[in-house]
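Biologist: I am new to this structure. Please look closely at the part where the chain begins, and then follow what is linked to it or set apart from it.

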Amino acid sequence: MISEKPRVRFAPSPTGYLHVGGLRTALYNYLFAKKNNGTFVLRIEDTDRNRFVEGAIENLIESLKWCGLNFDEGPGTENKFGPYLQSERLQIYKKYAIELIEKKYAYYCFCSTERLEKLKEEQQKLKLPQAKYDKHCLNLSADEINANLENNLPHVIRLNVPLNQKVNFKDIVRGDVEFDTSNIDDQVLIKSDGFPTYHMANVVDDHLMQITHVIRGEEWLSSTPKHILLYDFLGWEKPIFAHLPLLLNSDRSKLSKRQGDVAVEDYRKKGYLKGALINFVALLGWNAGDDVEIYNIESLIEKFSLERVNKAGAVFDMDKLNWLNAEHLRMKSDSELLQLLRDEILKSEFNTLTLPDEYLIAIIRVMKERVSFIREFIDKCTYFYKVPVVYEEASVQKNWKEETPAYMNKLAEKFAGLVNPQKEDFETALTEVATELNIGKGKLIHPLRLAVSGVSTGAGMFDLLFILGKEEVLKRINSAILNIKQTT
RNA sequence: GGCGCGUUCGUCUAGUGGCUUAGGACGCCGCCCUCUCAAGGCGGAGAUCACGGGUUCGAAUCCCGUACGCGCUACCA
């Protein structure tokens with residue numbers, strides 16, 4: 001446990017949807033906060049006007065909420081640390097940028113993109129280890145700067161990175177990391193449109209919002225020294241860093257849209273349960289050190305620790321997600337499943353049917369062990385929703401023999417005599433018929449299943465009969481006798 | 001190219017110097033259960049712990065090097 005209450009943030013840029021990698025980052029932040037009685041902040045890093053996407057923020061928050069990762073502070077919550085949209089904090093960044101300029105830790109740069117490009121080209125031609133800004137504008141006189149500013153010359157503000165210094169920090173996941181400032185460019189802090197870059201905004205906000213732990217993706221590890229410099233120049237206390245391993249495609253490249261679904265909403269639409277998605281994503285890069293694989297959010301909060309986060313990237317394995325989905329589905333109560341199934345029916349071809357709760361719950365009970373997705377309570381047993389019109393060819397060949405119609409007639413007769421039959425009554429009746437005909441029960445069960453369901457797989461035979469009810473069963477048997485054509 | 005990070009079964013991982021003939025999970029295969037399909041139970045195949053050197057009585061575990069992968073190298077985040 002952390003003694004002081006930690007404050008962590010999930011700081012996505014609103015590019016249109018919540019990426020599963022982002023979900024994992026958000027989740028670890030959330031778990032860490034909840035575990036340590038801390039605060040989970042959502043901050044929107046919308047400082048790139050070129051990448052503005054209409055509705056992206058709403059969509060992001062919607063996905064987060066669906067997953068159950070509710071933030072304590074963020075857009076819409078009134079708090080002394082707001083606003084939480086960086087685009088609404090421009091003056092704040094400007095203020096600190098000016099402070100840095102006054103301390104000579106930053107400077108105005110009036111270089112044109114043309115000059116910058118030319119500089120880069122020349123440096124590449126010289127095969128320099130890397131292209132860096134040449135600090136040209138650092139040498140401008142005060143008069144020149146003022147004149148340029150007065151003439152409204154386009155400009156940026158750059159970080160004045162010192163040469164030949166070591167910057168090191170301790171990362172919770174990676175241990176000690178060290179960089180040489182000679183490899184760090186004079187990063188733009190404030191762009192010519194007045195917006196800050198990520199580096200400036202994230203440091204200023206993390207400080208002002210009193211963030212204690214910066215938990216983010218590994219792609220930020222390389223720019224952390226710039227942030228360290230900024231904290232030092234501004235005289236601020238640094239947060240603790242934890243850089244998370246990346247999520248990967250099956251070919252070990254960074255998880256991308258090209259190779260499958262990456263948005264949380266995609267998985268939601270495909271029918272994954274939020275509990276399963278969370279469980280799965282939590283285990284991608286973290287484990288408690290034991291053999292437990294199934295978690296709900298509470299148990300994750302209880303067990304989570306940043307120290308047990310792995311260093312290496314993890315491949316997103318759909319097979320395991322599917323298995324987890326089935327496990328989570330089975331953990332749900334009948335009434336929870338009923339609600340989910342009703343939602344699913346509304347979206348299906350059976351949305352006009354009036355189905356009583358007891359009927360659907362009966363289906364849920366017999367199909368629960370046979371499905372991985374809610375939609376399969378429909379797709380894997382459509383015979384509960386409609387009369388079979390086609391009969392599975394392979395099963396017809398295997399089970400529908402010359403004598404079968406006679407057997408089925410006999411069964412139908414026996415069933416017809418039953419009064420308000422329960423599951424066991426159907427079973428007894430079938431056993432009697434088998435005995436009378438002097439055949440094995442299988443000789444009746446298989447063709448009966450085909451006649452009643454049209455397929456060869458599914459719920460137990462007598463469950464099936466009971467759920468459908470005597471009248472429906474009789475109808476289907478008779479219809480099958482008329483419609484199934486023997487193939488032999 | 002430079003800088004940084006990483007590397008245990010196909011995949012997610014356990015492992016922090018002797019308990020390890022490297023354990024679990026998903027997937028795969030087989031058997032059992034059984035009216036089918038599942039679920040469940042049992043079992044199997046699957047990792048020379050990237051490679052090469054050290055340190056040590058002893059290394060997947062510590063050190064060095066190499067290879068490979070990934071990330072960053074923007075007035076994108």
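Modeller: The answer starts at the opening strand, moves on to the domains and charged pairs, and ends with some single residues.

This is a predicted model, in which local features need pLDDT of at least 70 and side-chain atom pairs count only at pLDDT 80 or more, while totals for chains, interfaces and linings use all residues. Residues are numbered from 1 along each chain as its sequence is written, chains are lettered from A and ligands numbered from 1 in the order in which they are written, and side-chain values use heavy atoms, leaving out hydrogens and water.

Strand S1 covers residues 7-10. Helices (H or I, at least four residues) and strands (E, at least two) are DSSP runs, numbered from the N terminus. Arg-7 and Arg-9 point one way from S1, Val-8 and Phe-10 point the other way, and all are buried. Buried means under 20% relative accessible area, exposed means over 50%, and partly exposed lies in between (1.4 Å probe, protein chains only). In a regular strand the side chains alternate between the two faces of the sheet.

S1 runs parallel to strand S2 (residues 39-42), and 4 bridges join them; two strands pair if DSSP finds at least two bridges between them. Within this pairing, Arg-9 stands opposite Val-41 of S2. Helix H1 (residues 20-35) completes a right-handed β-α-β unit with S1 and S2. A crossover is right-handed if, with the strands pointing away from the viewer, the path from the first strand over the helix to the second runs clockwise.

After S2 comes the loop to H2, where Asp-48 lies. Asp-48 counts as partly exposed because its relative accessibility is 31%. Its C-alpha is 9.6 Å from that of Pro-14, with the two positions 34 residues apart in sequence. In the loop between H2 and H3 is Pro-83, joined to Gly-82 by a cis peptide bond with omega about -5 degrees.

Now the domains. Chain A is divided into domain 1 (7-86 + 247-318), domain 2 (89-244), domain 3 (332-384) and domain 4 (393-483); the bounds come from an automatic or database domain assignment. The C-alpha centres of domain 1 and domain 3 lie 30 Å apart. Between these two, 4 residues of domain 1 are in contact with 5 residues of domain 3, contact meaning heavy atoms within 4.5 Å. About 320 Å² is buried between domain 1 and domain 3, with 67% of it from carbon and sulfur atoms. Buried area is the accessible area (1.4 Å probe) that two parts lose on being put together, summed over both. The rule finds 0 salt bridges across this interface, a salt bridge being a side-chain nitrogen of Lys or Arg within 4 Å of a carboxyl oxygen of Asp or Glu.

The structure as a whole holds 35 salt bridges. Side chains of opposite charge can pair when their charged atoms come close. One of these pairs is Asp-205 with Arg-89, at 2.7 Å from N to O. The pair links distant parts of the chain, 116 residues apart: Asp-205 is in helix H6 (residues 198-208) and Arg-89 in the loop between helix H2 (56-67) and helix H3 (90-102). Both Asp-205 and Arg-89 are buried.

Another salt bridge joins Lys-423 and Asp-463, at 3.3 Å from N to O. It also links distant parts of the chain, Lys-423 being in helix H17 (residues 423-437) and Asp-463 in helix H19 (residues 461-468), 40 residues apart. Returning to the opening strand, salt bridges that share partners join Arg-9 into one network with Arg-43, Glu-45, Arg-89, Asp-205 and Asp-206.

Some single residues remain. Arg-252, in the loop between strand S10 (247-248) and helix H8 (264-269), has phi near 70 degrees, a positive value in a residue other than glycine. Arg-252 counts as exposed because its relative accessibility is 53%. Asn-420 likewise has a positive phi, near 45 degrees, and is found in the loop between helix H16 (404-416) and H17. Its relative accessible area is 61%, so Asn-420 is exposed.

Glu-393 is in helix H15 (residues 393-399). Glu-393 counts as partly exposed because its relative accessibility is 45%. Glu-393 and Leu-450 are 57 residues apart in sequence, and their C-alpha atoms are 9.9 Å apart in space.
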